[in-house]
Amino acid sequence: MTTPAEAVTDPVGTVVSLVTAADPALGHDLVRRIIEQVGGGRSKRRRLAVELAGNPSVLTTGRSPASRVAGDLLLALRAAGATGISPPWCADCGRRVTSMQRRGGHWYCAPCFVRPEDPGG
C-alpha cells in the first residue's frame with residue numbers, strides 16, 4: 001500500500017476530505033473539530049489518515065479490523081448527526097457498537113467483548 005503524501009503532511013485535511021467524500025452533508029469545519037477532538041496528537045492523526053486513505057470503506061461499512069481512533073471517529077461523527085457515516089459494528093455478533101471495545105484489531109460490543117474466548121479454538 002502506498003501512503004498518499006497528504007496523509008503524512010496534512011493528516012487532518014486528508015481525513016476531512018475522506019469523511020466529507022463519504023458524507024457530503026457534513027461541513028468541513030464540523031469534521032475538522034471532531035478530528036481534532038478524537039484524533040489525539042499529530043502522530044496519531046497521521047496514523048488515522050494513512051489508515052483511512054488505505055481503507056476509506058471503514059467510514060461507510062463500520063467494519064473492523066481498524067484502529068480504536070477510527071472507531072472513536074465513527075462514534076463522534078454519528079453523535080454529531082452524520083448519516084452517511086456508518087456506526088462501528090461488532091466483529092462477532094454484528095450489533096452496533098456504542099463504545100469502543102477492541103481485541104486483536106477488531107471492534108466488539110460489550111457482551112461479546114466480556115465473553116471468554118474459547119481456549120481450545
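Which backbone oxygen does the side chain of threonine 20 reach? The legends below start with that close-up and then move through the rest of this predicted model.

**View 1. Threonine 20 turns its side chain to the backbone of its own helix neighbourhood.** Threonine 20 belongs to helix 2. The backbone oxygen in question is that of valine 16, which the threonine 20 side chain reaches at 2.8 Å. Look also for serine 17, whose backbone oxygen lies 3.3 Å from a polar atom of the same threonine 20 side chain. Threonine 20 is buried because its relative accessible area is 11%, under the 20% cut-off.

**View 2. Aspartate 23 is a buried acid without a salt bridge.** You will find aspartate 23 in the loop between helix 2 (11-22) and helix 3 (28-38). How far away is the nearest side chain of opposite charge? That side chain is arginine 78, at 6.9 Å, so the pair falls outside the 4 Å limit for a salt bridge. Aspartate 23 does have a polar partner: its side chain reaches the backbone nitrogen of threonine 83 at 3.2 Å.

**View 3. Arginine 68 and aspartate 72 form a salt bridge.** Side chains of opposite charge can pair when their charged atoms come close. Here the N to O distance is 3.8 Å. Both residues sit in helix 6 (residues 68-79), four residues apart, which is about one turn of the helix. Arginine 68 is partly exposed, with a relative accessible area of 43%, and aspartate 72 is also partly exposed, at 23%. A search of the whole structure finds one salt bridge.

**View 4. Serine 64 and proline 65 are joined by a cis peptide bond.** Most peptide bonds are trans. At this bond, omega is about 20°. Proline 65 is placed in the loop between helix 5 and helix 6.

**View 5. Leucine 77 is a buried residue of helix 6.** What is the relative accessibility of leucine 77? The value is 0%, so leucine 77 counts as buried. For a sense of scale, leucine 48 is 29 residues away from leucine 77 in sequence and 15 Å away in space, C-alpha to C-alpha.

**View 6. The charged end of arginine 103 sits over the ring of tyrosine 108.** The distance from that charged end to the centre of the ring is 5.3 Å. If you are hunting for aromatic pairs as well, the count comes to zero.

**View 7. Alanine 110 lies in helix 7 (residues 110-114).** Is alanine 110 buried or partly exposed? With a relative accessible area of 42%, alanine 110 is partly exposed. Threonine 98 is twelve residues from alanine 110 in sequence, and their C-alpha atoms are 8.6 Å apart in space.

**View 8. Confidence in the predicted protein varies from helix to helix.** The mean pLDDT of the protein is 91, and 92% of its residues reach 70 or more. Where is confidence lowest, and where is it highest? The lowest mean, 85, belongs to helix 1 (residues 5-9), while helix 5 (residues 58-61) has the highest, at 97. As a friendly reminder for any close-up, where pLDDT is low, the predicted coordinates should not be read in detail.

Technical notes
Residues numbered from 1 in each chain as written. Predicted model: local features only at pLDDT ≥ 70, side-chain atom pairs only at ≥ 80, totals over all residues. Heavy atoms only, no water. Phe/Tyr/Trp six-rings, centres within 6.5 Å; stacked < 30°, edge-to-face > 60°. Lys NZ or Arg CZ within 6 Å of the ring centre and 35° of its normal. pLDDT = per-residue confidence, 0-100. Helix = DSSP H or I, 4+ residues; strand = E, 2+ residues; numbered from the N terminus. Buried < 20%, exposed > 50% of the residue type's maximum accessible area, 1.4 Å probe, protein only. Lys, Arg positive; Asp, Glu negative; His and termini not counted. Polar contact = N/O pair within 3.5 Å; in protein donor to acceptor, adjacent residues only side chain to side chain.
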